Amino acid sequence: MLNVAVLVSGGGTNLQAILDAKAAGGLAHANIALVLSSKPGVFALERAAKAGVPGVVVSRKDCAGPEAYDAALLETLRAHDIDVVVLAGFLSILGKTVIEAYTDRIINVHPSLIPSFCGEGYYGLRVHKEALAKGVKVTGATVHLVNEIPDGGRILLQKAVEVLPDDTPETLQKRVMAEAEWKLLPQALDELTAALDDLRV
């Protein structure tokens, strides 16, 4: 079984999807060992505590710069013997040292069908606002491996979600979460940890 850290910056709905999957008997190769938040006081940390998962805060504000922040992240991940990292609404871009330390072992969920509406600056409601402004009829979510290009890593899973005529960015966001993100992220984590666990045998 591999130790997994889930990195968050807010409410933690995608974290909850992972915790629920684990509680339901899934994720046989994943031990949710740590929830790491970039900000104190976020609801995701309450979700972690309720599930009995250790939660820590590594704040960018407390670090002298990007390199110091990456060093603090790495130190925390290594202290908890983390094998796999999940970005679940984590709003800080990981630097080279973290990505290289966990090559092909970091996954991210993005609320669009990459390569549409992705890259630096595309997160949260902005993605859905852009999708509606373009008039797309189908959007969705993507889980991908993380490399040094924002949203540029190899795609693992995608799921399409229909855009409805009366959608607002908020209604579209909620439907993409419920129909795609919350299903894809646990599935991708399950598949990745199973594959990595097989390699260790």
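# A tour from Ser59 to His110

Begin by selecting Ser59, whose side chain reaches the backbone nitrogen of Lys61 at 3.2 Å. Keep in mind along the way that this is a predicted model. Ser59 sits in the loop that runs between strand β3 (55-57) and helix α3 (66-79), and, with a relative accessibility of 10%, it counts as buried because that value is under 20%. If you now display its surroundings and set aside the neighbours within four places in sequence, the residues in contact with Ser59 are Ser38 and Tyr69.

Next, select helix α1 (residues 13-23) together with helix α2 (residues 43-50), and look along the pair. Two packed helices are described by the angle between their axes and the distance between the axes. Here the axes come within 9 Å and cross at roughly 15 degrees, which makes α1 roughly parallel to α2, and the crossing in which α1 passes α2 is right-handed. To see the contact itself, show the side chains of Thr13, Leu15, Gln16 and Leu19 on α1, and those of Ala44, Arg47 and Ala48 on α2. Sorted by character, the residues of this contact comprise 4 nonpolar, 2 polar and 1 charged.

Stay with α1 for a moment and colour its buried residues, which are Asn14, Leu15, Ala17, Ile18 and Leu19; of these, Leu15 and Leu19 also take part in the contact with α2.

Then follow the chain out of the helix. Just after α1 you come to Gly25, which takes a positive phi of about 100 degrees. In the loop between α1 and β2 (30-37) you will find Leu27, whose phi is also positive, at about 55 degrees, although this residue is not a glycine. Leu27 has a relative accessibility of 4% and therefore counts as buried.

Move on to the loop between β6 (138-145) and β7 (155-162), where Val146 lies. At 14% relative accessibility, Val146 counts as buried, and, leaving aside neighbours within four places in sequence, its contacts are with Leu87, Ile99, Ile106, Ile107 and Asn108. For a sense of scale, draw a distance from the C-alpha atom of Val146 to that of Lys174, a residue 28 places away along the chain, and the separation is 24 Å.

The loop between β6 and β7 also holds Asp151. Inspect its backbone, where phi is near 60 degrees, a positive value in a residue other than glycine. Asp151, with a relative accessibility of 14%, is likewise counted as buried.

From Asp151 you can step across a contact to His110, which belongs to strand β5 (residues 106-110). The relative accessibility of His110 is 3%, so this residue counts as buried. Show everything that His110 touches, not counting residues up to four places away in sequence, and the list is Phe117, Cys118, Tyr122, Val127, Gly140, Ala141, Thr142 and Asp151. One of these partners, Phe117, deserves a closer look, since its backbone oxygen lies 2.7 Å from a polar atom of the His110 side chain.

End the tour at Pro115, which lies in the loop between β5 and α5 (125-134). Centre the view on the peptide bond from Ile114 to Pro115, and you will see that this bond is cis, with omega near 20 degrees.

Key. Residues numbered from 1 in each chain as written. Predicted model: local features only at pLDDT ≥ 70, side-chain atom pairs only at ≥ 80, totals over all residues. Heavy atoms only, no water. Helix = DSSP H or I, 4+ residues; strand = E, 2+ residues; numbered from the N terminus. Buried < 20%, exposed > 50% of the residue type's maximum accessible area, 1.4 Å probe, protein only. Polar contact = N/O pair within 3.5 Å; in protein donor to acceptor, adjacent residues only side chain to side chain. Contact = heavy atoms within 4.5 Å. Axes fitted to C-alpha atoms, helices over the stretch in contact; angles between N-to-C directions. Parallel < 35°, antiparallel > 145°, perpendicular 65-115°, else oblique. Left-handed = near helix turned anticlockwise from the far one by under 90°. Nonpolar A, V, L, I, M, F, W, Y, C, P; charged D, E, K, R; others polar.
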